[in-house]
Amino acid sequence: MSKVLVILETAGGQLRPHCLPGITCAQEIARATGGELHLLVLGADPAAAASAIAQAGYGAAGVHTLAAAALEPFTAEAWADAIVHAIKTLGITHVGGTASSTLRDALPRAAAVLDAPLVSEVVRVKSADTFTRPVSSGRALLDIKVNAPVVAFTARGTEFEPAQPGGSVAVSALPGPQVNTRGVQVKGVQKTESSRPALTEAKVVVSGGRGMKEGANFKILEQLTDLLGGALGASRAATDAGMVPADLQVGQTGKIVAPDLYIAVAISGAIQHLAGMKGSKTIVAINKDEEAPIFQIADYSLVAKWEEAIPKLIELIKARKGAA
Amino acid sequence: MKILVTVKRIPDPDESLKFAGGGLDYSASKWVANAFDEYGVETALRLAEVVGGTQRLAEVIVLSICPEGQRQHMTQFLAMGGDRGVIVDADPDKLDTVAVSKLIAAVFKKEACDLLIAGKLSQDNEGNQVAQRVAGLLNLPQACFAATVAWDQTNSALTVTREVDDGVETKRVPLPAVLSVDLRIVLPKSVSNGSTPATHAYNEGPRLASLKGITMAKRKPVAVLKPADLGVTLTTTEAPAGVSAPPARKAGQKVTTVEMLFDKLTKEAKVL
């Protein structure tokens, strides 16, 4: 029988919400393979987070914890040790979770130690042994058939619904493994402080590109973003030019987003940018160049200068809010 | 120090894809170097050279797994400034990632390297896993998705900033180690080796091969190995089982005024 294990990330004793689509993908794999779902919580003291997760259950047969001081702060080295240990101890056949920077870092390392193939950025569980993933900037969907005792996967967060709570389960602590960081030191993460929702979780994303010309001009996009309760994004051209921090980049090498509304302002629409946002429900493109490739995938195309269009759009939205 | 850099050739990512017979037809494609591998080689060269001096701090070995007869990209990377090449003669499309990672790890060990540099992903397959896997196989520390790297020669360590979902993480790894590079590694001041003056700003992006570099590249040694020479047994833990085009988006509409856009968004799309 198959046993599917999801590697979860927690913060402040709670599950990080970006992990929920990965649980859904794992549920689908468990269903397709006729197996059980298991959840793993790693950390220096994962008990509190694990019990909160066990309350929610998510249809799992068990929640497991693995505690070791070396698991915090996150390092791929120590996490891969822990993941390998858990897979061997529990007899796991499938291991994965949402494709976050954490799992993209640690999971291939663990998979290599186990001679396991890893299917990256799964968008669909096609059958028990075949998974679909995008390639070539999302311009093609590749089906990968796997054949190995242990198979690893990361799930693209935008392609699976967040898992819903259901059926609480028990927590069991796995005996402590030998984990170590191989002499690395993590000197902390410099976070971009923002009161806005996370780019990958926001219902509305407003992104600016090269045509914004300079960082100061993003102020007006921020105004629009906040009015809509959304998150601010950018194209690579804008982040490379230093207009906004790199972690706002949407695209093949940045964040993959799929909000209800994506507003691309002064973005030409390179393939690499489209790869990061074309799953959005409604796409609006505002660009003064009518030849811009972004218009080919936009639901609503407006050929206009942002300097004129955005203030007017803000005004209309404000007027509507005032009237409501 | 010995730096091993992995490179591969890919179908030109700017050409449109041709779907044929349940797969992709690359028979008429132009083949180019994977951009992230160019960033990897540029990183290695910036670590190895001393700008303003003649000293070389590291040997840069370029590794590609490719059919021996399709090695133009190897010549290109040697022309950029790599010191020598290693080719593992095999068709990478017929290898699984398990085997590819083992081949790279085997070359790293055989050459007794101190640092592996790999692009974060290849633009065609987008697996984003080879560097991490090789680090696991070699039991070495890893620093993936690097945006900047600083080499502390005295203490034989790298300080790397990595782009993670929440921001930028600073990680210090002792050598030997494995590094995967993201695109910002080729900004003017992303790489420092402690010997090139800290004030030096590189041109943005990977360097172009000079005419002299191109001439010299033809004389640089390139070793050709078979997978069996490296003691690696090839596996088939994964295989492609079909390719399809993603569902097309429904055709969009042109709006001529901001008022019209606002009207569509509120009444038709109902997203405002």
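**Stop 1: two helices of chain A**

Select A:Ala76, A:Trp79, A:Ala80, A:Ile83 and A:Val84 in helix α3 of chain A. Then add A:Asp105, A:Ala106, A:Leu107, A:Arg109, A:Ala110 and A:Val113 in helix α4 of chain A. These two groups meet. By class, the contact has 9 nonpolar, no polar and 2 charged residues. Keep in mind that this is a predicted model.

Now show the whole helices. Select residues 76-90 of chain A for α3 and residues 101-113 of chain A for α4. Two packed helices are described by the angle between their axes and the distance between the axes. Here the angle is about 50°, and the axes are 8 Å apart. The two helices are therefore oblique to each other. Is the crossing of α3(A) and α4(A) left-handed or right-handed? The crossing is right-handed.

**Stop 2: a leucine in chain A**

Keep A:Trp79 on screen. Add A:Leu42, which touches A:Trp79. A:Leu42 also touches A:Leu66, A:Leu71 and A:Ala82, not counting residues up to four places away in sequence. Trace the backbone around A:Leu42 and you are in strand β4, residues 36-43 of chain A.

Is A:Leu42 buried or exposed? Its C-beta neighbours inside 10 Å number 27, so A:Leu42 counts as buried. The cut-off for buried is 20 or more.

Next, select A:Thr65. A:Leu42 and A:Thr65 are 23 residues apart in sequence. In space, C-alpha to C-alpha, they are 5.9 Å apart.

**Stop 3: the sheet**

Strand β4 of chain A belongs to an open sheet of 7 strands. Walk across the sheet in the order β7-β11-β6-β1-β4-β5-β12 of chain A. The pairing is parallel. Which strands are the edge strands? They are β7 (118-122) and β12 (171-173) of chain A, and each pairs on one side only. Look along the sheet: neighbouring strands are turned by 25° against each other on average, direction ignored.

Zoom in on one pair. Select residues 94-98 of chain A for β6 and residues 151-155 of chain A for β11. These strands pair in the parallel sense over 5 bridges. In this pair, A:Gly96 stands opposite A:Phe153 in β11(A).

**Stop 4: where the chains meet**

Show chain B as well. How many residues does each chain give to the contact? Chain B gives 64 residues and chain A gives 64 residues. Several elements of chain B give two or more residues to the side that touches chain A, among them α3 (97-110), β11 (167-174), β15 (238-244) and α6 (258-268). The largest share, 8 residues, comes from β11(B). By class, this side of chain B divides into 29 nonpolar, 18 polar and 17 charged residues.

**Stop 5: strands across the interface**

Select strand β10 of chain A, residues 140-146, together with β15(B). They pair in the antiparallel sense over 5 bridges. Find A:Ile144, which stands opposite B:Pro240 in β15(B).

**Stop 6: helices across the interface**

Finish with helix α8 of chain A, residues 306-323, and α6(B). They pack at an angle of about 45°, with their axes 9 Å apart. That makes α8(A) and α6(B) oblique to each other. Their crossing is right-handed.

Show the side chains of the contact. From α8(A), pick A:Ala309, A:Lys312, A:Leu313, A:Leu316 and A:Arg320. They meet B:Val258, B:Glu259, B:Phe262 and B:Thr266 in α6(B). Colour them by class: the contact has 5 nonpolar, 1 polar and 3 charged residues.

Conventions
Residues are numbered from 1 along each chain as its sequence is written. Chains are lettered from A and ligands numbered from 1 in the order in which they are written. This is a predicted model: local features need pLDDT of at least 70, side-chain atom pairs count only at pLDDT 80 or more; totals for chains, interfaces and linings use all residues. Two strands pair if DSSP finds at least two bridges between them. Helices (H or I, at least four residues) and strands (E, at least two) are DSSP runs, numbered from the N terminus. Axes are lines fitted to C-alpha atoms, for helices over the stretch in contact, and angles run from 0 to 180 degrees between N-to-C directions. Angles under 35 degrees count as roughly parallel, over 145 as roughly antiparallel, 65 to 115 as roughly perpendicular and the rest as oblique. A crossing is left-handed if the near helix is turned anticlockwise from the far one by less than a right angle, and right-handed if clockwise. Two residues are in contact if their C-beta atoms, placed from the backbone, lie within 7 Å. Ala, Val, Leu, Ile, Met, Phe, Trp, Tyr, Cys and Pro count as nonpolar, Asp, Glu, Lys and Arg as charged, and the others, Gly among them, as polar. A residue is buried if 20 or more other C-beta atoms lie within 10 Å of its own, exposed if 12 or fewer, and partly exposed in between; C-beta atoms are placed from the backbone.
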